[in-house]
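Work through the exercises below with the sequence and the model at hand, and try each task before reading its solution.

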Amino acid sequence: MGIGIIAIALFIIFIILGVKVVSAVLMYVVGAIAVIAIIGFAIYYLGKASGKRSSTD
C-alpha cells in the first residue's frame, strides 16, 4: 500500500513538473517567435520607408 501511494504521488508530481516545464518552454518559444516577428516587421517597414524615401529623392 505504502509503495503504491508513494508511486502515485511521485507520478502526479512528475506530471505537474512536466506540464510546468512544457508550458514554460512553449512560452519561451512563443516569445522568441514574437520577438523575431517584431524585428522582421520593423526591418520590413524600415526597408519600405527607406525605399520610398530613395525613390522620391
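**Exercise 1.** State how many aromatic pairs a search of the whole structure finds, and classify the pair formed by Tyr 44 and Tyr 45.

*Solution.* In this predicted model, the search of the whole structure gives 2 aromatic pairs. For Tyr 44 and Tyr 45, the ring centres lie 5.6 Å apart, which is within the 6.5 Å that a pair requires. The planes of these two rings stand at 65°, and because an angle over 60 degrees counts as edge-to-face, the pair is edge-to-face. Taking the ring pairs together, Phe 41, Tyr 44 and Tyr 45 are linked into a cluster.

**Exercise 2.** Decide for Tyr 44 and for Tyr 45 whether the residue is buried, partly exposed or exposed.

*Solution.* The relative accessible area of Tyr 44 is 48%, so this residue is partly exposed. Tyr 45 has a relative accessible area of 52%, and because the cut-off for exposed is over 50%, Tyr 45 is exposed.

**Exercise 3.** Place Leu 10 in the secondary structure and describe its surroundings on the surface.

*Solution.* The protein chain has 1 helix and 0 strands, and Leu 10 sits in helix α1, which covers residues 2-56. With 42% relative accessibility, Leu 10 counts as partly exposed. On the surface, Leu 10 belongs to a nonpolar patch with Ile 6, Ile 13, Phe 14 and Leu 17, and together these residues have about 510 Å² of accessible area.

**Exercise 4.** Find what share of the protein chain is buried and how much area the chain exposes.

*Solution.* Of the 57 residues in the protein chain, 0% are buried. The chain exposes about 5200 Å², of which carbon and sulfur atoms supply 83%.

How values were computed: Residues numbered from 1 in each chain as written. Predicted model: local features only at pLDDT ≥ 70, side-chain atom pairs only at ≥ 80, totals over all residues. Heavy atoms only, no water. Patch = residues over 30% accessible without salt bridge, like charges linked within 9 Å, V, L, I, M, F, W, Y side chains within 5 Å. Areas by Shrake-Rupley, 256 points an atom, 1.4 Å probe, with all protein chains shown as cover. Salt bridge = Lys/Arg side-chain N within 4 Å of Asp/Glu carboxyl O. Helix = DSSP H or I, 4+ residues; strand = E, 2+ residues; numbered from the N terminus. Buried < 20%, exposed > 50% of the residue type's maximum accessible area, 1.4 Å probe, protein only. Phe/Tyr/Trp six-rings, centres within 6.5 Å; stacked < 30°, edge-to-face > 60°.
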